[in-house]
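Good morning, colleagues, and thank you for the time. I should like to take you through selected features of the structure that will now appear on the screen.

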Amino acid sequence: MGLISKKELLQRTGISYGQLYRWKRERLIPEEWFIKRSSFTGQETFFPEEQILPRVESILSNKDRYSLSELSRMLSADIAPGIVEETALSGMEEIAPEVMEAARREKPGEDWSLFELSLLAAVTEAATRLCVAPQDLPELAALSLSAAEGGTLDAVLTVFFVGDAVHALIHGANAPLTFDRTIRTAYSVSLRETAEMLKMNHRALFPALKGV
Amino acid sequence: MKDLEINEFGSAPGGEYGDVEINGIGKVKGDLVCESLEVNGVGNVKGAVEAGGDVEVNGMLSADGAMRAERVEINGTMEVDGPLACCELEVNGALKCRALQAAEPEINGAISVDGDAVFTGDLEVDGALKTAGDLAAGDTEVDGEVSVRNAAVQAFSVSGSMKVSGDLTAGDTEIDGEVSAMNAAVRELSVSGTLAVSGGLTAGDTEVDGELSAMNAAVQGLSVSGTLTVSGGLTAGDADIDGEVSAANAEVQGLSVSGSMAVSGDLKAGDTDVDGELSAWGAAVRMLRCDGAAHFGGLTASEIAVDGMLASDGDIEADRLCCDGHISAAGQISADEVRISGGVVADEIVGDRIEIGEEDDGHTADENSGGWHFSVNGVQIDIGERGNGVRLFGRRRSGGQNTRRARLIEATAVRLFGVEAETVNGQDVTIGPGCRIGRVDCAGTLTVSEESEVREVVRPSAQE
């Protein structure tokens, strides 16, 4: 994971210290993204580059249209996680049709939580990256749902192959996995980031966004 | 109809009589229907009693069945092995019955009921009332002792003691004596005695001059000059705390604490005024004005004004923070606008505009130095704009009330006077007199007083 220092972040995005800390207070930037490392000048703060840069960009591009607390509801997966009705799901292209079908077989006729939708979208993304064959997708979706019982968004989905068999693992965000050498291909997706992306892309589906 | 009178030992068959009087030891061997019944000796009715008028017991009366009467007066003792129903009831002696129904009782003696007691009118207990079942009454005044399972009464006033093993439901309630209940739901509540609720309490406006304890409490306006102890969650409208309050969690609207309030978990409040002492683990309030002492595990507020002492074991977050008193935070103080003229000790102070100390915190000593230019690490620093004389470290204190120290101070605009910091980062930075700074990283305008010590300055040009 690439890190970017606070100073560099400010230089590259043109935001001020005041904005950075205001957004942190509004929970627009998660506290976990402020990573403190000791350096020769004492202590310095770094950010996960792949996460902070798009986040700052989306705040900057939306901040004139929405209030900070509205933005916070839109961007933060912790606030008002939505329940989406089954019927509203048809247009969610982040979830492959095979994955959605398998999920419906697992949980027929029920509504979907943001967590479950994020998991299904994460499965889709990982499967795409790892070129999982379409006929293996239903199995992978079912496996992931079975591993996700009672899970939270503070988790990562890792998909990997053992031989030709595809497997799913759900684990804590702060617990990177180390595989033995027989596992060659693995791909991890953060559920929180997936959730935040879903919320941004499908504002109309999530109750927190009504009236925005 | 003939009257019946038993003066010595005697017995009579059951049946209908006019006035019945037992002065000796008498027995009625069946159900008794009469105009009136008076027992001055010892009477026993082997059945039910129905009196069109009064039943008066000055001696002892026992009935093996139910009793109905217009009026019952007990100066001696009466035991009814069935339900007792009457309009007027006066108990100066002792009454025991299976169930009791009366309109307006007067209880100076003792009543014990195996089942429920229902009083259709007002209830006044100067003596003792004990029911294994439920109590229902109109306006109720307890000067004596009452013990019941559940109680549903209208206006309720207790100067004696009342034990409710189940639920208490009442109208406006005033407690000078002692009351305990498992759960209580009352309208307005005033406790100058003691109220102990082992479960949940719901009340309208509540005033506690005495002691009130509950597992959970949800009240409207709350005013405490006595003691309120809530082992679980406290929910209140505007709360005025002159006395002592403790709770595991609390959610109140306006909060004013001139006494002391301790919340071991989370506190959520609207505008909060602290003249006394307030502590909470996590606090989220609207505007905090602290003239007294407040101590939190972490604090989030929209505005903070401190004249007294504010301490946080974690972070302090606000839109605006203004401090004439003293603030300490083990973590980060973060606000858009920080103005501290008092003291501050924190790990980090960050935000948009930060001003710590006041311009006259350094003393003007002499005017012999005209230059406000000097260099640090070969970088020329221009401080010419404030050529009004040189200040010495006149009022730098350490460890005292006005210590101003942080590891990191970082904001878009930073102005410091009499501050010690390891690192100061900002777009525009003014280091006034009396500061000791390890490293200043400033991209915009930098002004450094000659009477401050800055070990290292980082400018954009110096980085290349």
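Let me begin with a definition: a residue is called buried when its relative accessible area is under 20%, exposed when that value is over 50%, and partly exposed in between. Please bear in mind throughout that this is a predicted model.

With that cut-off, consider helix α8 of chain A, residues 191–201. Eight of its 11 residues are buried, so the helix is largely enclosed by the rest of the structure. The buried residues are L191(A), R192(A), T194(A), A195(A), E196(A), L198(A), K199(A) and M200(A). Charged residues appear in that list, including R192(A), E196(A) and K199(A). The N-terminal end of α8(A) is capped by S190(A), which places a side-chain oxygen 3.3 Å from the backbone nitrogen of R192(A).

I turn now to charge pairing. Side chains of opposite charge can pair when their charged atoms come close. How many salt bridges does the structure hold over all chains? The total is 31, and I shall discuss three of them individually.

The first on my list is within chain A. E49(A) and R12(A) form a salt bridge, with 3.3 Å between the closest N and O atoms. This pair links distant parts of the chain: E49(A) belongs to helix α3, residues 49–62, and R12(A) to helix α1, residues 6–13, with their positions 37 residues apart in sequence. Both partners count as partly exposed, E49(A) because its relative accessibility is 26% and R12(A) because its value is 49%.

The next pair is formed by E348(B) and K36(A), whose side chains meet at 2.6 Å, N to O. Why does this pair join two chains? E348(B) lies in strand β41 of chain B, residues 343–356, whereas K36(A) lies in strand β2 of chain A, so the bridge runs from one chain to the other. E348(B) has a relative accessible area of 2% and is therefore buried, while K36(A), at 40%, is partly exposed.

The last of the three is within chain B, where the side chains of K96(B) and D114(B) meet at 3.9 Å, N to O. K96(B) is in strand β11, residues 94–102, and D114(B) is in the loop between β13 and β14, so the bridge ties together parts that are 18 residues apart in sequence. K96(B) is partly exposed at 36% relative accessibility, and D114(B) is partly exposed at 38%. Beyond individual pairs, salt bridges with shared partners join R22(A), R25(A), D336(B), E337(B), D352(B) and R353(B) into one network.

Next, a surface feature of chain B. A patch of negative charge gathers E104(B), E106(B), D122(B), E124(B), D126(B), D139(B), E141(B) and D143(B). One of these, D126(B), sits in the loop between β15 and β16; its relative accessible area is 36%, so D126(B) is partly exposed.

Finally, two backbone details in chain A. Although R27(A) is not a glycine, its phi is positive, at about 60°. R27(A) occupies the loop between α2 and β2 and is partly exposed at 40% relative accessibility. C131(A), again not a glycine, has a positive phi of about 55°. Is C131(A) buried or exposed? C131(A) is in the loop between α6 and α7, and its relative accessibility of 65% means that it counts as exposed.

Methods. Residues are numbered from 1 along each chain as its sequence is written. Chains are lettered from A and ligands numbered from 1 in the order in which they are written. This is a predicted model: local features need pLDDT of at least 70, side-chain atom pairs count only at pLDDT 80 or more; totals for chains, interfaces and linings use all residues. Side-chain values use heavy atoms; hydrogens and water are left out. Patches are made of residues with over 30% relative accessible area and no salt bridge: like charges are joined within 9 Å, nonpolar side chains (Val, Leu, Ile, Met, Phe, Trp, Tyr) within 5 Å. Accessible areas come from the Shrake-Rupley method with a 1.4 Å probe; for residues, only the protein chains shown count as cover. A salt bridge is a side-chain nitrogen of Lys or Arg within 4 Å of a carboxyl oxygen of Asp or Glu. Lys and Arg count as positive and Asp and Glu as negative; His and the chain ends are not counted. The place of a charge is taken as NZ of Lys, CZ of Arg, CG of Asp or CD of Glu. Helices (H or I, at least four residues) and strands (E, at least two) are DSSP runs, numbered from the N terminus. Buried means under 20% relative accessible area, exposed over 50%, partly exposed in between (1.4 Å probe, protein chains only). A polar contact is a pair of N or O atoms within 3.5 Å; within protein, one must be able to donate a hydrogen and the other to accept it, and residues adjacent in sequence count only if both atoms are side-chain atoms.
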